[in-house]
Amino acid sequence: MKPLIYQYRMQWRELLQCVGVVPDNISSLVHAFGIRLKKQEIWHPAYEAFCRCGEPYVLTMENLKGITEVQPVGTCVYIVENKMVFSYLMEQVQGKNVSLLCTSGQPRYAALKLISLIVQSGIPIYYSGDLDPDVIKTRICKIRIVNDGKR
């Protein structure tokens, strides 16, 4: 029975939201750096400020409500699982147009939502981390990884 639960976890969450049952939107989070977020027709001013200042920010599912588009400041997005790797990379890319995400282990729903918005933007994504069987089975199959073939 366990594989069935994993297989339909994301669909179950989406179904609950469709009928007005809001799951925990605070503990599902992702760390981001250099990614602009559009809410309705305007670029969200808070995240614009983070990008302008070259500072990271934390996004929860609550923050992602109403986000319709994303635009990385770089030509691609690098995704890492490890927080220390994320911190090191931020220090190394200061002053450069680079976009980073940190999933802090297996991607939570907020990370998957943000990644799907990045995929829609057509920007290449590079992932560094392990591919646990549960990730492959339940998460990666929902996301089409974009690769421009140049790197």
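This report looks at one helix and two individual residues of the structure, which is a predicted model.

The helix is H5, which runs over residues 109–121 and so has 13 residues. From its first C-alpha to its last H5 reaches 19 Å, close to the 18 Å expected at 1.5 Å a residue. The buried residues of H5 are Tyr109, Ala110, Ala111, Leu112, Leu114, Ile115, Leu117, Ile118 and Val119. After H5 comes glycine 122, and the phi of glycine 122 is positive, near 85°.

The two individual residues are set out in the table, each with the element that holds it and its relative accessibility.

| Residue | Element | Relative accessible area |
|---|---|---|
| Glutamate 48 | helix H2 (residues 45–53) | 18% |
| Serine 99 | strand S7 (residues 99–102) | 0% |

Glutamate 48, placed in helix H2, counts as buried because its relative accessibility of 18% falls under 20%. When its neighbours within four places in sequence are left aside, glutamate 48 is in contact with Arg36 and Trp43.

Serine 99, which lies in strand S7, is likewise buried, with a relative accessible area of 0%. Which backbone nitrogen does the side chain of serine 99 reach? The partner is the backbone nitrogen of valine 73, reached by the side chain of serine 99 at 3.0 Å. Valine 73 also appears among the contacts of serine 99 which, with neighbours within four places in sequence left aside, are Phe33, Gly34, Ile35, Pro72, Val73, Gly74, Cys76, Val77 and Tyr78.

Key
Residues numbered from 1 in each chain as written. Predicted model: local features only at pLDDT ≥ 70, side-chain atom pairs only at ≥ 80, totals over all residues. Heavy atoms only, no water. Helix = DSSP H or I, 4+ residues; strand = E, 2+ residues; numbered from the N terminus. Expected span 1.5 Å × (residues − 1). Buried < 20%, exposed > 50% of the residue type's maximum accessible area, 1.4 Å probe, protein only. Contact = heavy atoms within 4.5 Å. Polar contact = N/O pair within 3.5 Å; in protein donor to acceptor, adjacent residues only side chain to side chain.
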